[in-house]
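Please open the model in a viewer and keep the sequence panel visible. The tour below proceeds selection by selection.

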Amino acid sequence: MSGGIGTTSLFVVPTPIGNLEDITLRAIRILGEVDEILAEDTRVTQKLLRHLGISTPLRSFHAYNEHIRVAGLVEEMLGGKRMALVSDAGTPGISDPCYSLIQGCIAGGLGITCLPGPTALIPALVLSGLAMSSFVFLGFPPRKGKRYWEDLLSETRTMIIYESPHRLAKTLNVLTSFFPAERRIAVLRELSKLYEEVYRGTVADLCDHFSQTQVRGELVIVLEGKPKSSRTPTQ
Ligand code: SAM
C-alpha cells in the first residue's frame with residue numbers, strides 16, 4: 001500500500017545523508033504532492049528538489065525561528081494546507097528542528113506522519129560491530145559536562161554520539177578520562193558517501209589515532225555499554 005496523502009497535514013520526510021540514491025520513492029512522491037515544504041536551509045533543499053525535478057514551494061523552518069513559526073504553521077494546516085518538513089540531511093528531529101512543530105500539530109489535533117528513511121545513527125550502529133539489541137542515542141554531547149559523562153559510566157546499552165570533526169580528538173580524550181581504556185568504540189565517517197570509513201578499536205586506540213590524525217567530513221561515535229558481566233558476551 002502506498003499510503004495516500006489522506007487526512008495527514010504534516011509529513012516528516014527524511015532526506016539523504018550523503019548518497020542521493022537513498023531518497024525513497026514515497027519521499028519523492030510526498031515532496032511533490034504537498035502544498036509547501038518547510039526546510040532547515042532552503043538553499044540545501046532547493047538543490048535536492050532540482051535534482052528530483054520537484055517545484056513545490058519552500059519556506060524556511062530552522063532552529064532560530066521554529067518556536068515563533070509553529071502557531072502560524074498550525075493555523076495554516078488547520079485551514080487545509082498540507083506540508084512536508086525536511087532538514088538538511090537525515091531525519092528531521094534527530095539533532096535537527098522538528099519537535100516544536102510536532103507538539104504544535106498534536107495540540108492542534110492535526111494528522112502527522114513520519115516517513116521511514118535516512119538517518120546517520122542506524123547505519124553507524126550497525127557498522128560499529130557493537131551490540132545492537134539495545135542502544136541509546138545521545139546526540140551531540142555538551143561541551144562541558146563532567147556530570148554528563150559520570151552518569152553514563154553505568155550505561156549498559158550501546159551509546160551513539162554525534163560529533164563534529166574538529167571536536168573528535170577532544171571528545172575521545174574526554175572519553176579516555178572517564179571510561180576504561182579497553183572499552184570498545186567505533187568512529188564512522190562519511191556514511192553513504194564515496195569515502196565512507198569505519199574505525200573500530202578500544203577507547204585508548206582511537207584516542208591515540210585521532211590525536212595524531214586530523215579528520216574531515218561528518219562522523220558518528222559509537223561506544224560500547226558497560227559489560228553486564230564478564231561472562232556475558234555482547235551480541
Ligand atoms: N538529522 C540527521 C540524522 O538523521 O542523522 C542528523 C543531523 S545533525 C545536525 C548532523 C550530524 O549527524 C553530524 O555532525 C554527524 O554526527 C551525523 N551525520 C550526518 N550525516 C552523516 C554522514 N553521512 N556520516 C556520518 N555522520 C553523519
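Begin by selecting helix α2 (residues 42-52), which lies across β2 (36-39), β3 and β4 and runs at about 155° to β3. Helices (H or I, at least four residues) and strands (E, at least two) are DSSP runs numbered from the N terminus; contact means heavy atoms within 4.5 Å. Axes are lines fitted to C-alpha atoms, for helices over the stretch in contact, and angles run from 0 to 180 degrees between N-to-C directions.

This is a predicted model, in which local features need pLDDT of at least 70 and side-chain atom pairs count only at pLDDT 80 or more, while totals for chains, interfaces and linings use all residues. Residues are numbered from 1 along each chain as its sequence is written, and side-chain values use heavy atoms, with hydrogens and water left out.

Next, display the sheet beneath the heading of parallel pairing: five strands form an open sheet in the order β3-β2-β4-β1-β5. Two strands pair if DSSP finds at least two bridges between them. β3 (58-60) and β5 (111-114) stand at the edges with a single partner strand each, so one side of each has no neighbour in the sheet. Within this sheet, select β1 (residues 8-12) and β4 (residues 83-86), which pair in the parallel sense over three bridges; F11 has A84 in β4 as its bridge partner.

Now select R82 and D35, whose side chains meet in a salt bridge (3.4 Å, N to O). R82 lies in the loop between α3 (66-78) and β4 and D35 in the loop between α1 (25-33) and β2, so the pair ties together parts that are 47 residues apart in sequence. A salt bridge is a side-chain nitrogen of Lys or Arg within 4 Å of a carboxyl oxygen of Asp or Glu.

Move to the second sheet, where five strands form an open, mixed arrangement in the order β6-β7-β10-β8-β9. Select β8 (residues 184-189) and β9: six bridges join these antiparallel strands, and V187 has Y199 in β9 as its bridge partner. Helix α8 (residues 203-212) lies across β8, β9 and β10, at about 125° to β9.

Finally, select the ligand. Which residues come nearest? Of the 19 residues around the ligand (a heavy atom within 4 Å), they are D96, T119, Y162, L191 and L219. A polar side-chain atom of D96 lies 2.8 Å from a ligand nitrogen atom, and a polar backbone atom of A120 is 2.9 Å from a ligand oxygen atom; a polar contact is a pair of N or O atoms within 3.5 Å.

Definitions and conventions: A polar contact is a pair of N or O atoms within 3.5 Å; within protein, one must be able to donate a hydrogen and the other to accept it, and residues adjacent in sequence count only if both atoms are side-chain atoms.
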